[in-house]
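Thanks for coming. I will show one chain and then go through its fold, its packing and a few individual residues.

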Amino acid sequence: MSEQRLAHLTEWARKRPNSIEFWEAFLTTERLVCCFAGESFSSALLRADMGERAREELAALAPEGLVAHNERNFEVPLADLESITLVRRTRFRRARLTLAWDGGELALYDTKAGDSQESLLESLAEDPRLDATVGIRDPSSLFDRS
């Protein structure tokens, strides 16, 4: 049986000191693949297209071609994936998606164009092929940064 996509978590970003990185995450029957989709810098001269073109290219790729699309892309075997946690958006905070695996973690925030993808995560929580904990929660307070 060939590798199949279980989910495409789209429109996520990570804030860096001088830029915002745009990321997509793909869950397949064999692995989690985190894909770099572009970067926008603070300088107006270095602003990117917010990752739109790269997102379209990534969505069209077969699971086997995702990691090779960019040198920043990486994969985690599905057996090493420990949890996927979504903290819902509030009026003052963006939704946060945390992907944790044996030996690492990636915390991402939704972009203005993104939706929380709660229904997708709810279906993943019920998927028997996925051993990881999948959770959706509200932030514990206005000042929750966890």
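Before the first residue, one definition: helices and strands here are DSSP runs, at least four residues of H or I for a helix and at least two of E for a strand, numbered from the N terminus. With that, glutamine 117 can be placed in the loop between strand 7 and helix 2. Keep in mind that this is a predicted model.

I will come back to that loop. The overall layout comes before it. The chain has eight strands and two helices, and along the sequence they run β-β-β-α-β-β-β-β-α-β. Of the 146 residues, 41% are buried. If we take contacts between residues at least 6 apart in sequence, 55% of them join residues at least 24 apart.

Now the packing. Which residues have the most contacts inside the largest nonpolar core? They are Leu27, Leu32, Ile84, Leu99 and Leu130, in a core of 26 residues. Two or more residues come from each of strand 1 (5–15), strand 2, strand 3, strand 5 (81–87), strand 6 (96–101), strand 7 (104–110) and helix 2 (118–125). Strand 1 gives the most, with four residues. Another core, of nine residues, lies apart from this one, and its members include Val33, Ala37, Leu58 and Leu66. As background, nonpolar side chains in soluble globular proteins tend to be buried together.

Take leucine 99 from the larger core as an example. Beyond its neighbours within four places in sequence, leucine 99 is in contact with Leu9, Ala25, Leu32, Cys34, Ser83, Ile84, Gly104, Glu105 and Leu106. Threonine 98, in strand 6, has a relative accessible area of 14% and is therefore buried. With residues up to four places away left out, threonine 98 touches Ser83, Ile84, Thr85, Glu105, Leu106 and Ala107.

Next, the aromatic rings. The count is three aromatic pairs. In one of them, tryptophan 23 and phenylalanine 36 have ring centres 5.6 Å apart and planes at 75 degrees, so the pair is edge-to-face. This pair links distant parts of the chain, 13 residues apart: tryptophan 23 is in strand 2 (residues 19–28) and phenylalanine 36 in strand 3 (residues 31–41). Tryptophan 23 and phenylalanine 36 are both buried. Ring pairs join Trp23, Phe36, Phe74 and Trp101 into a cluster. There is also a charge to note: the charged end of arginine 72 sits over the ring of phenylalanine 36, 4.1 Å from its centre.

On to the cysteines. How many disulfides are there? The count is zero. Cysteine 34 is in no disulfide, and the nearest cysteine sulfur, in cysteine 35, is 7.4 Å away. Seen from cysteine 35, the closest cysteine sulfur is that of cysteine 34 at 7.4 Å, so the two are too far apart for a bond; the cut-off is 2.5 Å. Cysteine 34 counts as buried because its relative accessibility is 0%, and cysteine 35 is buried as well, with a relative accessible area of 0%.

Back to the loop before helix 2. Is glutamine 117 buried or exposed? Glutamine 117 has a relative accessible area of 9%, so it is buried. Outside the four places on either side in sequence, glutamine 117 touches His8, Leu9, Thr10 and Trp12. A polar atom of its side chain lies 2.7 Å from the backbone oxygen of threonine 10. Glutamine 117 is also 9.8 Å from arginine 88, C-alpha to C-alpha, with their positions 29 residues apart in sequence.

Glutamate 11 lies in strand 1. What is unusual to check there is the backbone: phi of glutamate 11 is near 70 degrees, a positive value in a residue other than glycine. For context, most residues other than glycine have a negative phi. Glutamate 11 has a relative accessible area of 13% and is thus buried.

Last, alanine 59, in helix 1 (residues 52–60). Its relative accessibility is 38%, so alanine 59 counts as partly exposed. Leaving aside neighbours within four places in sequence, alanine 59 is in contact with Arg5, His8 and Phe26. Alanine 59 and phenylalanine 26 are 33 residues apart in sequence, and their C-alpha atoms are 9.2 Å apart.

That is the tour; questions are welcome.

Conventions: Residues numbered from 1 in each chain as written. Predicted model: local features only at pLDDT ≥ 70, side-chain atom pairs only at ≥ 80, totals over all residues. Heavy atoms only, no water. Buried < 20%, exposed > 50% of the residue type's maximum accessible area, 1.4 Å probe, protein only. Phe/Tyr/Trp six-rings, centres within 6.5 Å; stacked < 30°, edge-to-face > 60°. Lys NZ or Arg CZ within 6 Å of the ring centre and 35° of its normal. Core = buried A, V, L, I, M, F, W, Y, C linked by side-chain atoms within 4.5 Å. Contact = heavy atoms within 4.5 Å. Polar contact = N/O pair within 3.5 Å; in protein donor to acceptor, adjacent residues only side chain to side chain.
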